[in-house]
Amino acid sequence: MRTNGHVHLLAALRLLLVGFIISGCAIVPSPTRSARVGDGGELGSCAELFSSIDRSIARAGVIDAGAFRVEGYPYLRVNRFLASFGKEPLDPDAFNAWIGRMQALDREARRFELANFADASGGVDGQGAGRAGLDPLIAGCGDRLKAADFSTPEGRVALREALTVPDEYLVHWQILGLYPVTRLFVSAGVSRWHAGARGGFSNDPPVGGRGIRYVPETMPGSIPLSAAVRETPRDALGVPDYTESTLDLLFRAYAPVWEVATEGGFDRIGAPAWSADGRLSVDKTRPLVFTFLSFSRFEGEVLTQLNYTIWFPARPKAHVLDIYGGFLDGLTFRVTLDMEGNPLLYETVHNCGCYYAAYPTQRLKVRERIDLA
């Protein structure tokens with residue numbers, strides 16, 4: 001009887017953990033307010049503009065989770081790359097480039113939020129301008145608040161103290177001590193997957209497997225990749241300012257060939273789209289690859305990263321407790337280039353953030369251990 005009770009307890013605990021995972025496995029950034037809300041004059045009006053937009057976006061449930069807010073600075077957002085400059089001494093030009101990129105990140109996120117806001121054309125919380133009219137207001141007010149907030153050394157220090165990029169841990173899980181518990185169920189499976197992935201890795205496609213090959217468009221003529229990266233101007237942080245044509249050149253040059261083992265419709269690359277009944281779906285008639293640019297810092301240099309993302313309609317569940325299975329699946333392939341435009345590292349990760357794998361070139365050496373002290 002005790003053995004059966006022990007089994008039932010474990011089963012109940014697993015279901016409880018799955019419930020926690022389903023109820024909240026992602027952190028959605030919360031809006032923030034400027035300390036100038038309530039002030040008179042132009043700065044107070046600008047602070048209220050951001051506050052009113054954020055209230056409407058939050059109520060509509062369309063907050064963009066791609067970048068983190070900076071507490072007290074609603075016109076800035078930060079990612080881990082930009083946050084890495086937060087503790088370093090920056091001259092005035094580098095500091096201006098730094099906050100300029102954070103402001104650009106916020107403006108990009110707001111364009112996504114307003115595009116997803118169902119009533120954007122009718123104005124936001126009393127703002128008379130529609131979505132198109134809000135863009136210049138957001139840019140102008142961001143510039144005014146930025147100029148006022150960082151006009152003194154004290155203001156620049158305050159930004160550094162306020163700037164954080166939170167980890168992906170859920171606070172209530174930490175308080176309840178659930179992370180050590182879930183580790184018991186996850187670590188063994190992860191170790192088995194690591195061993196299987198290493199043992200089964202091959203550059204050759206599976207023999208006898210049914211697959212579909214997705215080949216990118218070819219690039220005519222020679223491609224001066226080294227010159228494209230080396231000659232691109234960089235800002236005071238060392239971040240390259242690529243033109244659209246140069247980016248298009250790089251993304252086309254390193255576009256991967258996707259060869260997908262195909263057992264059903266869920267294995268076909270498609271494009272996310274809204275169905276006629278208002279539900280999210282993946283259109284398998286449009287096998288698109290989405291690209292985006294990112295940067296990394298390595299040995300004192302800012303390196304270019306080319307990201308290629310594909311989507312699948314679903315990932316079949318292996319069993320009832322398979323937390324990775326279900327609607328939507330996808331994969332991102334990333335190429336990190338050195339300062340001469342040559343590949344330094346290849347990586348893949350599922351779009352859930354799991355199953356990460358790195359494929360270093362011969363110029364990189366894999367560490368046997370990482371010193372966390």
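This is a walk through the model, stop by stop, with something to select at each one.

**Before you start**

You're looking at a predicted model, where local features need pLDDT of at least 70, side-chain atom pairs count only at pLDDT 80 or more, and totals for chains, interfaces and linings use all residues. Residues are numbered from 1 along each chain as its sequence is written, and side-chain values use heavy atoms, with hydrogens and water left out.

**Stop 1: the core around Trp98**

Select Trp98, Met102 and Leu159. These residues have the most contacts inside the largest nonpolar core, which has 59 residues. A nonpolar core here is a set of buried Ala, Val, Leu, Ile, Met, Phe, Trp, Tyr and Cys residues joined through side-chain atoms within 4.5 Å. Buried means under 20% relative accessible area, exposed means over 50%, and partly exposed is in between (1.4 Å probe, protein chains only). Helix H4 gives the most to this core, with eight residues. Helices (H or I, at least four residues) and strands (E, at least two) are DSSP runs, numbered from the N terminus. In soluble globular proteins, nonpolar side chains tend to be buried together.

Now show the neighbours of Trp98. Not counting residues up to four places away in sequence, Trp98 touches Leu82, Phe85, Gly86, Leu90, Leu159, Arg160, Leu163 and Leu237, contact meaning heavy atoms within 4.5 Å.

Keep Trp98 on screen and add Phe50, Tyr73, Tyr75, Phe95 and Phe150: ring pairs link these residues into a cluster. Rings of Phe, Tyr and Trp (its six-membered ring) pair if their centres lie within 6.5 Å; planes under 30 degrees apart count as stacked, over 60 as edge-to-face and the rest as tilted.

**Stop 2: a buried salt bridge and its network**

Pick Arg77 and Asp106 next. Their side chains meet in a salt bridge, 2.8 Å from N to O. The rule is a side-chain nitrogen of Lys or Arg within 4 Å of a carboxyl oxygen of Asp or Glu, and the structure holds 20 such bridges.

Are these two buried or exposed? Arg77 is buried at 0% relative accessibility, and Asp106 is buried at 1%. Arg77 sits in strand E2 (residues 73-78) and Asp106 in helix H4 (residues 92-115), with their positions 29 residues apart in the chain.

**Stop 3: two bridges with more exposure**

Jump to Glu42 and Arg144, another salt bridge, with the closest N and O atoms 3.3 Å apart. Glu42 belongs to helix H2 (residues 41-60) and Arg144 to helix H5 (residues 131-149), 102 residues apart. Glu42 is exposed at 51% relative accessible area, while Arg144 is partly exposed at 36%.

Then select Arg230 and Glu340, whose side chains meet at 2.7 Å, N to O, in a salt bridge. Arg230 lies in helix H9 (residues 225-230) and Glu340 in the loop between strand E9 (326-337) and strand E10 (343-350), so the pair ties together parts 110 residues apart in sequence. Both ends are partly exposed: Arg230 at 44% and Glu340 at 34%.

To finish with charges, colour Asp54, Arg69, Arg77, Asp106, Arg110 and Glu113, which salt bridges with shared partners join into one network.

**Stop 4: rings on strand E9**

The model has eleven aromatic pairs. Select Trp258 and Phe333, an edge-to-face pair at 6.5 Å centre to centre with 80° between the planes. Trp258 is in strand E4 (residues 258-261) and Phe333 in strand E9, 75 residues apart. Both rings' residues are buried.

Add Tyr308, and you have a tilted pair with Phe333: 6.2 Å centre to centre, 35° between the planes. Tyr308 lies in strand E8 and Phe333 in strand E9, so this pair ties together parts 25 residues apart in sequence. Tyr308 is buried at 2%, and Phe333 at 14%.

**Stop 5: helix H10**

Show helix H10 (residues 244-253), where Thr246, Leu247, Leu249, Leu250 and Phe251 are buried. What do the buried residues of H10 pack against? Show H9, strand E7 (290-298), strand E8 (301-315) and E9 to see their partners.

**Stop 6: out to Arg279**

Last, select Arg279 in the loop between strand E5 (271-274) and E6. Arg279 is exposed, at 59% relative accessibility. Leaving aside residues up to four places away in sequence, Arg279 touches Ala273 and Trp274.
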